[in-house]
Amino acid sequence: MEPKYKRVIIKLSGEALAGPDGHGINTSTVLTICEQIKEVFELGVEIAIVVGGGNFWRGRSGEGMDKSTADYMGMLATVINALGLQDVLEELGVPVRVQTAIEMKQIAEPYIRRKAIRHLEKRRIVIFASGIGSPFFTTDTTAALRAAEIDAEIILLAKSIDAVYDSDPLTNPEAKRYSELTYIDVLNQGLKVMDSTATSLCMDNHIPILVFGLNEPKNILRAIMGEKIGTIIQE
Ligand code: UDP
């Protein structure tokens, strides 16, 4: 079987890297995720990763702080995660480059769109760190923007939950699970999948989003093969 997609963005939240610890980086969790990524990379899929920072810091963690400063702290948190992922992927023998939207050239390349595409063509994974480099945005918006820029076919939004629900299934056993949604459904119903900026950017650029759980060990592979898992959000 051939993979359904040739070029994808995988969005990993910071929380996904924390695993059972709930905070920071859990090395065995990161290893499991990277092994899955390696498996699909070896099928010939071009993979760019956008990583979040919520396992260390989110803009909203800085209550009472200047919002922009708190957001810059969040962007720096994503860089820590990107370096952690880079290290594990390299250890597994996968070529990888980190690009940051805020220049810090001693530790990573600056984000240059054409260079990122070149890396993908040369069979390297690219990790986009520090969001889009501006406060008041999220790494979900970063995933949407980078997907549009590099012409990715889909955003694979790997979550700790297996699909989109109308309310939290952990607290509401009646929560409705969706297997398909439109961008407008997400926006109108205020579903907590992505923020509205990210959702509208995907809508305007016709980029589908597949929301699925990282809990199942083969889910990244299943997503790439086009299996019907999680929730697909499109027109
Ligand atoms: N952030 C930002 N601009 C961006 C991306 C991220 O200001 O383009 C900040 C924002 O404060 C955000 C934090 O970085 O809360 C970490 O990113 P995010 O919350 O998206 O991470 P995740 O929830 O995916 O772990």
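This passage describes the sheet, the surroundings of the ligand and the residue I80 in a predicted model. Because the model is predicted, local features need pLDDT of at least 70 and side-chain atom pairs count only at pLDDT 80 or more, while totals for chains, interfaces and linings use all residues. Residues are numbered from 1 along each chain as its sequence is written, and side-chain values use heavy atoms, with hydrogens and water left out.

The model contains an open sheet of nine strands with mixed pairing, in the order β4-β3-β5-β2-β1-β6-β10-β11-β9. Here helices (H or I, at least four residues) and strands (E, at least two) are DSSP runs numbered from the N terminus, and two strands pair if DSSP finds at least two bridges between them. The edges are formed by β4 (109-110) and β9 (180-182), and since each has a single partner strand, one side of each is left without a neighbour in the sheet. Helix α2 (residues 27-41) packs on the sheet, where it touches β1 (7-12), β2 (46-51) and β5 (125-129), a contact being heavy atoms within 4.5 Å. The direction of α2 makes about 155 degrees with that of β2, as given by lines fitted to C-alpha atoms, for helices over the stretch in contact, with angles running from 0 to 180 degrees between N-to-C directions.

Strand β6 (residues 154-159) is mostly covered, in that five of its six residues are buried, meaning under 20% relative accessible area, whereas exposed means over 50% and partly exposed lies in between (1.4 Å probe, protein chains only). On one hand β6 pairs with β1 in the parallel sense over five bridges, with L157 as the bridge partner of K11; β6 also pairs with strand β10 (residues 209-213), again in the parallel sense over five bridges, and I155 stands opposite I209 in that strand.

K11 also takes part in the surroundings of the ligand, for an N or O atom in the side chain of K11 is 2.8 Å from an oxygen atom of the ligand. A polar contact is a pair of N or O atoms within 3.5 Å; within protein, one must be able to donate a hydrogen and the other to accept it, and residues adjacent in sequence count only if both atoms are side-chain atoms. A backbone N or O atom of S134 lies 2.7 Å from a nitrogen atom of the ligand, and a polar side-chain atom of T139 lies 2.5 Å from an oxygen atom of the ligand.

Residue I80 is placed in helix α3 (residues 67-91) and, at 44% relative accessibility, counts as partly exposed.
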